[in-house]
Amino acid sequence: MTLLLSLILLILVTISIWQLTKILELSQPKKEETQVANDQDNQTQGVLLFAFLIFIYILTIFSFWRWGDVLLPEASSDHGALYDNLMWLTFAIIFFVQTITQALLHYFGYKYRGKKSRKAYFLADNDRLEAVWTIIPTIVLAGLILYGLYTWTDIMTIEENEDAIVVELYAQQFNWKARYAGKDNVLGDANVRFLQDFEGKNLVGIDITDPNGLDDIVTQELHLPVGKEIIFKMRSQDVLHSAYMPHFRAQMNCVPGMITEFAFTPIKTTEEIRMDPDVISKVRKINEIRKRNSEELILNGEEPLDPYVFDYVLICNKICGVSHYNMQMKIVVETQEDFNSWLSNQQTFSQFIQ
Amino acid sequence: MSNELDHTHDEDHGHHHKETFITKYIFSQDHKMIAKQYLITGLFMGFIGIAMSLIFRLQLAWPEKPFGFLELLLGKWAPDGVMDPNVYLALITIHGTIMVFFVLTAGLSGTFSNLLIPLQIGARDMASGLLNMFSYWLFFISSLIMTISLFVEAGPAAAGWTVYPPLSALPQAQPGSGAGMTLWLVSMAVFIASSLLAALNYVVTVINLRTKGMTMSRLPLTIWAFFVTAIIGIVSFPVLLSAALLLIMDRSFGTSFFLSDIFIQGEVLHYQGGSPVLFEHLFWFLGHPEVYIVILPALGITSEVLATNARKPIFGYRAMVASILAIAFLSTIVWGHHMFISGMNPFLGSVFTFTTLLIAIPSAVKAFNYITTLWKGNLQLNPAMLFSIALVSTFISGGLTGVILGDSTLDINVHDTYFVVAHFHLVMGISALYGLFAGVYHWFPKMFKRMMNKNLGYIHFWVTAICAYGVFFPMHFIGMAGLPRRYYTNTAFPIFDDLADINVIITIFALIAGAAQLVFLYNFIHSIFYGKKTVQNPWNSNTLEWTAPIEHFHGNWHGEIPHVHRWAYDYSKPGYDKDFVPQNIPLKKGEEELQH
Ligand code: HEM
Ligand SMILES: [Cu+2]
Ligand SMILES: [Cu+2]
């Protein structure tokens with residue numbers, strides 16, 4: 001339905017543009033010698049420039065009003081608060097500059113629209129002004145750089161420690177696996193050369209000669225205990241992928257032939273974030289949309305969509321081939337006890353290959 | 001056209017022999033004809049690129065809805081009118097490649113550097129007409145190869161315009177990485193050869209062939225922009241060429257520059273010790289400067305068009321030149337901001353954050369200077385002028401989000417999302433496209449001896465300007481919601497279901513924008529044949545190209561080339577009745593030449 005309406009709208013707009021051009025062409029005084037803007041044009045176009053400024057503002061306000069709720073909820077990781085603060089600070093600055101500069105640009109376009117009778121003001125230079133607008137951005141940017149680098153170092157400095165648990169994220173066309181280090185908290189060596197061992201049961205290529213690997217646990221779902229630092233080691237077996245966990249403000253590429261790292265501490269369990277008011281209203285909205293879509297599907301004799309329940313996801317965010325758009329893994333953040341009991345129900349590598 | 005050209009032959013000076021149709025229109029060595037060839041090839045590729053974006057926007061707005069005409073258009077790649085995911089990836093790849101390289105590098109820079117460098121510095125032609133002709137024909141061949149790659153059995157390259165290996169290196173990884181990718185690489189290699197020849201020619205011409213009195217500090221900002229752009233190209237394009245050659249070796253000769261430890265389609269490959277990160281470094285060593293190669297000429301055009309139509313000097317000429325130079329220098333040391341989370345050492349990320357945010361300073365200076373140029377002007381709001389003003393607007397809107405993406409911390413969560421797509425389309429794609437349009441409207445009379453219709457120009461402008469924001473502004477929200485780019489559809493994640501209506505709105509704006517380009521196309525073609533005849537200096541401009549006769553002939557000026565006595569921006573100078581004083585008018589007694 002929307003499709004049909006939109007197409008009709010499109011056709012109408014195209015036709016009206018066409019008609020408009022025709023009318024304008026006909027209404028043009030035949031005697032006009034040139035195609036250079038005259039005072040009349042300057043008047044019209046100047047006013048339109050001012051209207052365009054208003055259009056930009058309205059578009060901005062409308063977008064925030066209408067789509068403000070599609071943005072990600074508050075961060076669910078320890079460093080995420082730092083990230084969000086920096087983001088909002090930067091946004092505030094950007095908005096301020098955007099509002100002022102667009103206003104000046106378009107207002108001047110309107111205010112100084114040309115008239116035959118006028119002459120422009122001959123102004124080639126003003127060192128003081130130029131110094132001002134070189135120095136102010138420099139100071140603001142210096143502030144942002146310092147704040148940014150401080151956070152960056154904080155996020156990216158990863159120290160192996162007793163308290164942290166190590167998890168491998170293993171990427172392949174087109175799915176994810178997680179590998180837990182087991183009791184020894186050390187991941188065994190691994191390489192793609194071992195993938196075909198044990199009739200393909202060696203899912204992430206663990207090196208059987210490394211004793212650290214025997215108690216490793218390979219899973220299809222990523223479970224994380226809340227409040228504990230997780231050190232992720234990323235690997236890929238084929239092409240580049242990127243492990244993107246937007247709710248945790250976390251992302252790192254997975255590079256074949258290399259192990260990359262990222263670490264964060266989840267601070268909200270899946271249960272907790274489902275109670276977040278923003279998430280509740282977002283889920284409600286999504287379910288309304290899914291319901292509407294389901295009605296259409298049922299009419300066509302297809303299966304309706306399941307209702308949606310919020311879950312954290314791990315998303316692939318580096319183009320990796322035909323199913324790049326559907327390369328995902330569910331993330332469950334839970335209490336330490338739940339995590340322990342889940343993990344103890346999984347098979348270790350040595351059990352699995354038996 | 002031809003009758004006007006003929007009678008100029010006898011007055012023609014210099015190295016002239018009779019021109020045949022072939023030497024005049026096809027294998028021409030005249031920079032003006034080569035400029036037109038670049039423009040028309042560029043526009044042709046542009047329409048292909050834009051059409052592709054409209055097709056994949058349909059898929060994004062109405063995922064997997066059947067469109068009958070898609071089956072007609074794409075055949076087996078859109079069974080029952082539903083586009084195949086591989087084809088989606090191929091379309092964005094070729095769209096990106098065409099727009100960045102073929103339209104906004106060759107089409108924009110090639111057209112206006114060729115047209116304006118000799119005419120604005122007062123030279124009879126480029127330093128080497130022959131090389132110039134070669135560079136156009138290499139560009140033509142590379143366009144042809146890229147177009148042919150669309151018809152390869154397994155489909156064209158589909159690894160994104162950044163063609164990161166291993167995806168681009170292994171035909172097992174996706175169908176587009178077979179013959180399609182080979183053609184892509186060959187086409188780009190030829191393209192790079194063409195760009196290098198052209199750039200060398202531009203640099204040599206600007207250095208050696210300026211007319212008497214045209215000191216570097218009197219050069220119009222257009223020429224400064226083209227000159228510096230050519231230098232950036234010479235520095236960075238060879239690095240892309242080496243990346244392409246190494247990738248060809250990995251693909252065809254079994255070397256391991258970029259590949260290591262790969263298991264694909266049930267098979268362990270033999271590659272050892274290479275790294276895709278190396279490719280990313282090489283690619284972005286060109287890739288980042290490339291965005292300045294795209295935008296600087298557009299800014300140069302804007303400087304000229306704004307000053308001329310504001311009837312006012314460009315504000316802060318020296319600061320403008322300084323910021324072009326600063327941007328050029330900094331642009332070669334910021335490439336790592338595309339790689340913050342590539343696995344490269346985080347400390348390196350800090351350095352690149354620092355250099356990247358530095359580049360915001362000269363960019364800000366340019367924007368402020370443009371705005372001040374309008375202040376107390378007497379603005380002649382021609383279509384070219386409107387496009388230039390809109391360029392400043394999108395350059396600011398898109399540039400500001402660069403402060404987010406350039407900050408390694410903030411990049412973590414928006415990297416490779418639609419936020420990036422919104423950012424680079426505004427700051428580079430749309431801005432440079434506006435620069436191209438501004439240039440076409442402004443110099444059309446110089447190229448085709450006729451004028452484009454201004455009312456059609458206004459319609460083209462307003463529809464495009466509104467739709468450009470309508471398309472790319474809402475995209476920021478999709479990106480901030482966490483939606484990755486290069487996704488065939490977002491329906492695989494219920495979490496993105498609420499983005500559906502934004503996607504529909506974006507696509508509607510995109511389709512209208514596409515329709516508006518047909519108005520431009522009509523105006524362009526119609527005006528070439530039936531436009532109003534132009535006078536010699538229709539915009540009352542100061543630069544030298546308008547002192548050359550309307551009719552074209554090899555050599556540009558009859559008799560002596562004009563000498564230059566002042567900078568290009570004496571608009572509304574006190575002491576003169578007219579509001580412009582062309583560069584070839586000597587200073588009056590006691591008149592001071594500003595600035596120099
Ligand atoms: C009607 C105008 C345009 C529309 C609607 C449009 C839309 C899009 C969309 C939706 C994507 C795909 C994003 C993704 O999935 O990653 C894209 C990619 C791209 N576009 Fe455009 N675009 C337009 C014009 C331009 C222009 C003028 C340029 C010039 C620079 C450009 C350059 C690119 C590039 C470089 C890519 C990235 C391709 C890749 O991911 O490999 N586009 N465009
Ligand atoms: Cu992937
Ligand atoms: Cu860059």
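**Strands, core and metal sites of a predicted model**

Strand β5(A) is joined by five bridges to strand β8 (residues 260-264) of chain A, and the two run antiparallel. The model in which this pairing is found is a predicted one. Two positions show how the strands are matched: A:Lys233 has A:Glu261 of β8(A) as its bridge partner, and A:Ile230 stands opposite A:Phe264 in β8(A). Four of the five residues of β8(A) are buried, so this strand is largely enclosed by the rest of the structure.

Strand β5 itself, residues 230-236 of chain A, is mostly covered, with seven of its seven residues buried. The covering applies to both faces of β5(A). On one side lie A:Ile230, A:Phe232, A:Met234 and A:Ser236, and on the other A:Ile231, A:Lys233 and A:Arg235, all of them buried. Strand β1 (residues 165-172) of chain A is also joined to β5(A), in this case by seven bridges and in a parallel direction. In that pairing A:Lys233 of β5(A) is the bridge partner of A:Glu168. A:Lys233 is thus a bridge partner of A:Glu168 and of A:Glu261 in β8(A).

These strands belong to an open sheet of five strands, in the order β3-β2-β1-β5-β8 (chain A), with mixed pairing. Its edge strands are β3 (217-219) and β8 of chain A, each of which pairs on one side only. From one strand to the next the twist averages 25°. Towards the β3 edge, strand β2 (residues 175-180) of chain A is joined to β3(A) by three bridges, and these two strands run antiparallel. Within β3(A), A:Ile217 stands opposite A:Tyr180. Helix α8 (residues 336-344) of chain A packs on the sheet, where it touches β1, β2 and β3 of chain A. The direction of helix α8 makes about 100° with that of β2(A).

The nonpolar interior may be considered next. The largest nonpolar core holds 289 residues, of which A:Leu222, A:Phe232, A:Met245, B:Phe101, B:Phe112 and B:Phe524 touch the most other members. The largest share of this core, 22 residues, comes from α5(B). A:Phe232 also appears among the buried residues of β5(A). Leaving aside neighbours within four places in sequence, A:Met245 is in contact with residues of chain A including A:Leu169, A:Leu222, A:Phe232 and A:Phe264, and also with B:Asn413. A second, separate core of eight residues includes A:Tyr170, A:Val192, A:Ile206 and A:Phe349.

The metal sites follow. In chain A, the copper ion (ligand 2) is coordinated by A:His241 (ND1), A:Cys316 (SG), A:Cys320 (SG) and A:Met327 (SD), at 2.1 to 2.5 Å. Why is the arrangement tetrahedral? The four donor atoms around the copper ion (ligand 2) subtend angles of 91 to 121°, and four donors count as tetrahedral if all angles lie between 85 and 135 degrees. Along the sequence, the donor residues of this ion are spaced H-x74-C-x3-C-x6-M. One pair of them links distant parts of the chain: A:Cys316 lies in strand β9 (residues 312-316) of chain A, and A:Met327, 11 residues apart from it, in the loop between β9 and β10 (328-334). A:Cys316 and A:Met327 are both buried.

In chain B, the iron atom of ligand 1 is coordinated by B:His95 (NE2) and B:His425 (NE2), at 2.0 to 2.1 Å. The six donor atoms around this iron atom subtend angles of 84 to 178°, which makes the arrangement octahedral. B:His95 lies in helix α5 (residues 85-121) of chain B and B:His425 in helix α14 (residues 418-448) of chain B, so the pair ties together parts that are 330 residues apart in sequence. Both B:His95 and B:His425 are buried.

The copper ion (ligand 3) has as its protein donors B:His288 (ND1), B:His337 (NE2) and B:His338 (NE2), which lie 1.5 to 2.0 Å from it. Along the chain these donors follow the spacing H-x48-H-H. B:His288 lies in helix α9 (residues 276-310) of chain B and B:His338 in the loop between α10 (317-331) and α11 (346-374), so this pair ties together parts that are 50 residues apart in sequence. With a relative accessible area of 7%, B:His288 is buried, because buried means under 20%.

Note on methods:
Residues numbered from 1 in each chain as written. Chains lettered and ligands numbered in written order. Predicted model: local features only at pLDDT ≥ 70, side-chain atom pairs only at ≥ 80, totals over all residues. Heavy atoms only, no water. Donors = N, O, S within 2.8 Å, 3.2 Å for Na, K, Ca; no water. Tetrahedral: all angles 85-135°; square planar, octahedral: opposite > 155°, others 65-115°. Buried < 20%, exposed > 50% of the residue type's maximum accessible area, 1.4 Å probe, protein only. Pairing = 2+ DSSP bridges. Axes fitted to C-alpha atoms, helices over the stretch in contact; angles between N-to-C directions. Contact = heavy atoms within 4.5 Å. Core = buried A, V, L, I, M, F, W, Y, C linked by side-chain atoms within 4.5 Å.
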